[in-house]
Amino acid sequence: MKYRQLGDTELRISEVSFGTWAIGGGWGEANDDESIRGLHRAMEAGVNFFDTADVYGSGHAEELLAKATKGREDEIHIATKFCRSGDIHDLATYSEQTVRQFAENSLKRLNRERIDLYQIHCPPLAILKDGSVFEVLEKLKAEGKIRHYGVSVETVEEGLFCLTVPGVKALQVIFNLFRQKPANNLFPQAHAAGVGILVRLPLASGLLTGKFTTSSTFAADDHRNFNANGDQFNVGETFAGLPFTKGVELAQDLAWIGEGRGNMARAAMRWILENPHITCIIPGFKNVKQIEDNLATLDVPAFSSEELVRLKSFYTTDVHEHIRGPY
């Protein structure tokens with residue numbers, strides 16, 4: 001395993017880390033025993049960072065992490081998120097009383113005394129600009145409830161604003177071969193500001209595995225079914241904002257990246273890690289096999305300069321115009 005510094009903090013985290021949305025709920029059926037085995041396998045391989053949220057399975061993902069990391073709280077870092085269990089547009093959701101309760105609830109489920117990275121979970125830009133939530137986070141940090149705080153953002157504009165807030169130490173961003181825009185300005189500016197970048201949805205909800213066809217279907221409780229067109233939350237969180245059929249077509253056009261790199265998924269994540277401004281990727285998983293496959297990204301050969309140019313051109317020419325939702 002290789003490790004990268006989280007911005008200018010003292011935390012060094014595994015460049016392949018894992019998100020826990022899928023094992024908490026929202027990606028179809030999951031098995032808790034298999035989820036725990038997956039978490040243990042990841043830690044055996046040197047993974048020391050996991051991302052979760054209080055709404056993943058209504059806190060279930062946090063409880064699974066508590067169980068899997070028991071006794072290793074000092075060496076395994078956990079990031080969690082808050083606000084989406086309330087009205088994200090209401091300032092009251094970000095009041096000291098409410099945020100403090102969110103944090104205490106997460107700490108209880110995680111069975112920890114401190115959250116390593118506490119993130120605002122995709123709040124509106126107006127909330128960020130109000131700024132009062134950052135004052136609350138500073139209080140929690142001073143009290144030792146949280147070590148650092150950051151923001152999970154939907155758009156480049158939100159990310160750039162967060163860089164003006166001195167206490168923000170990490171941005172969580174959707175970034176993949178289908179969603180390359182943040183690399184242009186946001187990532188270099190974040191690097192200059194000493195802010196780490198956590199990449200979520202590196203495989204565009206599975207499109208970049210190359211395994212889907214236009215006839216693929218998803219379970220009723222899978223967000224790839226109920227949020228395919230942004231009916232429940234930002235459409236960018238599902239298939240990178242692409243219409244599913246178009247996404248499948250574009251993924252087929254990218255199949256070549258998997259040649260000599262094991263498979264398309266590993267290649268897609270290797271491409272992300274070649275950006276020097278990235279701290280880590282946080283792909284999801286449901287079982288040990290998916291953990292193993294994602295970890296194999298570490299052994300994938302690098303892309304040539306010609307291939308990188310080809311992939312950027314592909315995004316600009318064939319992908320960008322089809323992305324829906326704030327970006």
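# A guided tour of a predicted model

Begin by selecting Ser-58, which is found in the loop between strand S4 (49-51) and H3. This is a predicted model, and every value on the tour is computed from it. With a relative accessible area of 67%, Ser-58 is exposed, because exposed means over 50%. Add Gly-25 to the selection: the two residues are 33 apart along the chain, and their C-alpha atoms are separated by 8.4 Å.

Move next to Ala-61, whose place is in helix H3 (residues 60-68). Is Ala-61 buried or exposed? Its relative accessibility is 0%, so Ala-61 counts as buried. If you select Tyr-3 together with Ala-61, you have two residues that are 58 apart in sequence and 24 Å apart in space, taken from C-alpha to C-alpha.

**The sheet**

Now show the strands. Eight of them form an open sheet with parallel pairing, and their order is S3-S4-S5-S6-S7-S8-S9-S10. At the edges stand strand S3 (18-19) and strand S10 (280-281), each with a single partner strand, so one side of each is left without a neighbour in the sheet.

Within this sheet, colour strand S8 (residues 168-174), which pairs in the parallel sense with strand S9 (residues 196-200) over five bridges. To see where these two strands meet, pick Val-173, which stands opposite Val-199 in S9. Strand S7 (residues 146-152) also pairs with S8 in the parallel sense, here over three bridges, and the bridge partner of Val-151 is Leu-171 in S8. How many of the residues of S8 are buried? Seven of its seven residues are buried, and S8 is described as mostly covered. While you look at the side chains here, keep in mind that in a regular strand they alternate between the two faces of the sheet.

**Two residues with positive phi**

Most residues other than glycine have a negative phi. Select Cys-83, in the loop between strand S5 (77-82) and helix H4 (96-110), where phi is near 115 degrees, a positive value in a residue other than glycine. Cys-83 has 0% relative accessibility and so counts as buried.

Then go to Phe-239, in the loop between helix H9 (223-226) and helix H10 (244-253). Phe-239 is not a glycine either, yet it has a positive phi of about 55 degrees. At 0% relative accessibility, Phe-239 counts as buried.

**Aromatic rings**

Show the side chains of Phe, Tyr and Trp, and look for rings whose centres lie within 6.5 Å; by this rule the count comes to 14 aromatic pairs. How are the rings of Phe-212 and Phe-218 arranged? Their centres are 5.2 Å apart and their planes stand at 85 degrees, so the pair is edge-to-face, a term that applies to planes over 60 degrees apart. Both Phe-212 and Phe-218 are buried. For a larger group of rings, select Trp-21, Tyr-56, Phe-226 and Phe-233, which ring pairs link into a cluster.

Two arginines also deserve a selection in this part of the tour. The charged end of Arg-261 sits over the ring of Phe-303, at 3.8 Å from its centre, and Arg-310 lies over the face of Trp-256, 3.9 Å from the ring centre.

**Empty space**

Rolling a probe the size of a water molecule over the atoms shows where empty space is left. Start with the second largest pocket, which has a volume of about 330 Å³. It is lined by 16 residues, and those closest to its centre are Gln-180, Ala-183, Trp-271, Asn-275 and Lys-312. The elements that give two or more residues to this lining are helix H11 (264-273) and helix H13 (305-319), and H13 provides the largest share, four residues. By class, the lining of this pocket divides into eight nonpolar, five polar and three charged residues.

Finish with the largest cavity, whose volume is about 60 Å³. Which residues line the largest cavity? Select Val-153, Glu-154, Thr-155, Val-156, Val-173, Ile-174, Arg-179, Pro-182, Leu-186 and Tyr-327 to display its lining, in which seven residues are nonpolar, one is polar and two are charged. Val-173, one of these lining residues, is the residue you picked earlier opposite Val-199 in S9.

Technical notes
Residues numbered from 1 in each chain as written. Predicted model: local features only at pLDDT ≥ 70, side-chain atom pairs only at ≥ 80, totals over all residues. Heavy atoms only, no water. Phe/Tyr/Trp six-rings, centres within 6.5 Å; stacked < 30°, edge-to-face > 60°. Buried < 20%, exposed > 50% of the residue type's maximum accessible area, 1.4 Å probe, protein only. Lys NZ or Arg CZ within 6 Å of the ring centre and 35° of its normal. 1 Å grid on protein atoms, 1.4 Å probe; cavity = no way out; pocket = protein on both sides within 12 Å on 5 of 7 lines; lining within 4 Å. Points joined across faces, edges and corners; volume = space filled by probe spheres on them. Nonpolar A, V, L, I, M, F, W, Y, C, P; charged D, E, K, R; others polar. Pairing = 2+ DSSP bridges.
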